[in-house]
Amino acid sequence: MSNVQALVQFPRTGLGASATFCDTAAGNQSIIEDLFRDQLKRIRLLFDISVEIAVQHIGGLDTLVPRTDAQRSAYHLFQKQAHAQFDALTLVTSGAFGSARILLRQVLEAQMIAKFCCLSEDEQLALRWQAGKSVKLGSVFNNVRDTDMSPIKVFWGELCQFTHATIYAQQGTRSIEGDVELDQVELTLVFIEMLGECGYHLLNTHLLGRSARYYAATYGKRYTAPQLRTEARDVFRDAHKMYGPSAKAVIRSFKRQWNIKPVTSRVVVRTPLSFRQDSPSRANVRTRGLNDR
């Protein structure tokens, strides 16, 4: 069913619309929690691990206060993407995958800008972000060399489709009992899991250096980060068994060492919206209850 056809799919139950939508969300959550229990367990475990590692290294240690605007912006961006990531998970488990993907664009952009701030120490860009002005992702794409950024660009383009009021935005029905809706829920969970790994990389590779780890291990009251990182590696191993080529390419591009060139211009890159034809779900991502795509 196309989004245009689905526009007429409002429920007729005799209840008020808000009560009906709430009942539908509860029913959706029961279905999703059962169908995708293994994937949800991985997502929540990695989220818990990432936040706990962040708290053990950053929370309460004055020695880890960022000393530059670029570092300060990166820390704030990490915190914001964690909130958005959790909220997106909350939405999609109720069946609201359309709203969840709006937040996932924020997650990806926050991660990209934060990593760029860490590597470039671009104070001008950081101050622009702190002033509440828009930082175009082209500022990152155009200034990373020797790394193929096209997988991230295409993924970003897919998320942009759900941010603006295009035919792909939101969803035509609240119920996720049909195959099309379940496929979209599954794909959104794949996106969240991919971004969870990218966020973990951002934290452990770029925000927490040797000094941060030393102070946390020496002066922290409870330091379990090494054990948590072992758990995270197990999560990644299991998740990568389910990913298709597109998902792996996005993660690989994000985790590679970016070689930053001198920032001379910030031209916005307009990317082709082709990820829907080569999405993780359609490129051999395999999860419970769905066939190979």
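A disulfide is a pair of cysteine sulfur atoms within 2.5 Å. By that criterion, this predicted model holds zero disulfides. C117 illustrates the point: the nearest cysteine sulfur belongs to C118 and lies 7.0 Å away, so C117 is in no disulfide, given the limit of 2.5 Å.

The surroundings of the cysteines can be described as well. Buried means under 20% relative accessible area. C117 has a relative accessibility of 1% and therefore counts as buried. C198 also counts as buried, because its relative accessibility is 1%.

The next topic is the nonpolar interior. The largest nonpolar core has 73 residues. Within this core, M112, L189 and M194 are the residues with the most contacts. Helix 9, which covers residues 179-207, supplies the largest share of the core, with 14 residues.

M112 can be followed further through its contacts. Leaving aside residues up to four places away in sequence, M112 touches L137, V140, F141, M149, I152, F254 and W258.

Q130 gives a second example, this time with a partly exposed residue. Q130 is found in helix 6, which spans residues 123-130. Its relative accessible area is 35%, and Q130 is called partly exposed because this value falls between the 20% limit for buried and the 50% limit for exposed. Which residues does Q130 touch, not counting those up to four places away in sequence? They are D69, R72 and S73. A70 can be placed relative to Q130 too: the two residues are 60 residues apart along the chain, and their C-alpha atoms are separated by 9.6 Å.

Notes:
Residues are numbered from 1 along each chain as its sequence is written. This is a predicted model: local features need pLDDT of at least 70, side-chain atom pairs count only at pLDDT 80 or more; totals for chains, interfaces and linings use all residues. Side-chain values use heavy atoms; hydrogens and water are left out. Buried means under 20% relative accessible area, exposed over 50%, partly exposed in between (1.4 Å probe, protein chains only). A nonpolar core is a set of buried Ala, Val, Leu, Ile, Met, Phe, Trp, Tyr and Cys residues joined through side-chain atoms within 4.5 Å. Helices (H or I, at least four residues) and strands (E, at least two) are DSSP runs, numbered from the N terminus. Contact means heavy atoms within 4.5 Å.
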